[in-house]
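Here is a set of questions and answers for someone meeting this structure for the first time. Please keep the sequence and the model in view while reading.

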Amino acid sequence: MYRRIIMCFRSRATLYSFQRGMRCSIRRYVSSIAGSEDDMKNFIIENTEIVNSQSLTPEISLRLFTPTCRFWTEKPEFWPFPDPYWAIYWPGGQALARYLLNNPEVSAGRKVLDLGCGCGASAIAAKISGASCVVANDIDPIAAIAIKMNCELNNLAPLPCVTENLIGSEAECWDLILLGDMFYDEALADRLHQWLQTCTNTYGTQVLIGDPGRSQFEDHNIRRSLHQLAHFQLPDSVKEENYGLTSSAVWIYNCKPDH
């Protein structure tokens, strides 16, 4: 569904390498081209389609890019916002959301952070499953608006969305951190590993990771700290969209303090 989008827009890793000043520039840029949040919502409505099938979680509706959308074929330079990775339902996020829906006790009653949340599906799944508090995090301010809209599609009150880069920040007392499709760049994976060590060692935070087996994930030394919880075969359409990846898995992070 989104191979063309992946090829046209910049590497996702560049978004997460922005420094604080660049994130502020993005917010100023977005503010300068849109008169209000309603204007941005209308733009999203006009350029996405509501999808609730052909994924691992048909019970969750999301606004995504599809072949019927203008920017499926439009030149990417005409897209007026930061790269729209929130408009793609990545396979690691699909596995993570499916696992939470299948096992509601994992998030029920817990304080949950969905890091690099994209479309917000994992955050939505955690809330549906009874989490007491769910915070979505994505450095793209347009993602925050899209997540609010996706919550409305699923009859949920809007979830708070933090647009600061939390990787490397002071650890907070989260019961559960969710990461879907975040291991696509080695340098980012290194920073994530260090930060997750701090979170788990300081607060005993449980960490769940969804990934379809990208090389940056499989070859990273973080794999020695992981235990696989679930494995899902991807729907045929998702396999095609992801260059032949056939499955996606959920892992639990079992980091031990360094000695």
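Q: Is strand β4 (residues 133-137) largely enclosed by the rest of the structure or largely open, and how many of its five residues are buried?
A: The model is a predicted one, and the answer rests on relative accessible area, where buried means under 20%. Strand β4 is largely enclosed by the rest of the structure, because the number of its five residues that are buried is four.

Q: Which helix does the chain pass through on its way from β3 to β4?
A: Strand β3 (residues 111-115) and β4 run parallel and are joined by five bridges, with leucine 115 standing opposite asparagine 137 of β4. Between these strands the chain makes a right-handed β-α-β crossover, and the helix it passes through, residues 121-128, is α6.

Q: Which residue of β5 stands opposite asparagine 137?
A: On pairing with strand β5 (residues 161-162), β4 again runs in the parallel sense, here over two bridges. The two strands also belong to a right-handed β-α-β unit together with helix α7 (residues 141-153). Within this pairing, the residue of β5 opposite asparagine 137 is valine 162.

Q: How far apart are the end C-alpha atoms of α7, and what span should its 13 residues have?
A: At 1.5 Å a residue, the 13 residues of α7 should span 18 Å, which agrees with the distance between its end C-alpha atoms, 19 Å.
As for its surroundings, α7 is mostly covered, with ten of its 13 residues buried, including Pro141, Ile145 and Met149. To return to what was asked, the expected span is 18 Å and the end C-alpha distance is 19 Å.

Q: Which residue caps the N-terminal end of α7?
A: The cap is recognised from a side-chain oxygen that lies 2.9 Å from the backbone nitrogen of isoleucine 142. Beyond the other end, just after α7, asparagine 155 takes a positive phi of about 60°. The residue that caps the N-terminal end is aspartate 140.

Q: Which residue caps the N-terminal end of helix α8 (residues 186-203)?
A: The 18 residues of α8 should span 26 Å at 1.5 Å a residue, and its end C-alpha atoms are 26 Å apart, which agrees. Among the buried residues of α8 are Leu188, His193, Trp195 and Thr200, while glycine 204, just after the helix, takes a positive phi of about 70°. At the N-terminal end, a side-chain oxygen lies 3.2 Å from the backbone nitrogen of alanine 187, and the capping residue is aspartate 185.

Q: Which element supplies the largest share of the largest nonpolar core?
A: This core has 37 residues, and those with the most contacts inside it are Leu62, Leu178, Leu208 and Val250. Elements that each supply at least two of its residues include β2 (62-64), α6, β4, α7 and β9 (247-253). The largest share is six residues, and the element that supplies it is α5.

Q: Is threonine 68 buried or exposed, and what is its relative accessible area?
A: Threonine 68 is found in the loop between β2 and α5, where its side chain makes polar contacts with the side chains of glutamate 49 (2.9 Å) and threonine 66 (2.8 Å). Glutamate 49 is 19 residues away in sequence, with a C-alpha to C-alpha distance of 7.8 Å. Since exposed means over 50%, threonine 68 counts as exposed, its relative accessible area being 63%.

Methods
Residues are numbered from 1 along each chain as its sequence is written. This is a predicted model: local features need pLDDT of at least 70, side-chain atom pairs count only at pLDDT 80 or more; totals for chains, interfaces and linings use all residues. Side-chain values use heavy atoms; hydrogens and water are left out. Buried means under 20% relative accessible area, exposed over 50%, partly exposed in between (1.4 Å probe, protein chains only). Two strands pair if DSSP finds at least two bridges between them. A crossover is right-handed if, with the strands pointing away from the viewer, the path from the first strand over the helix to the second runs clockwise. The expected span of a helix is 1.5 Å times one less than its number of residues. A polar contact is a pair of N or O atoms within 3.5 Å; within protein, one must be able to donate a hydrogen and the other to accept it, and residues adjacent in sequence count only if both atoms are side-chain atoms. A nonpolar core is a set of buried Ala, Val, Leu, Ile, Met, Phe, Trp, Tyr and Cys residues joined through side-chain atoms within 4.5 Å.
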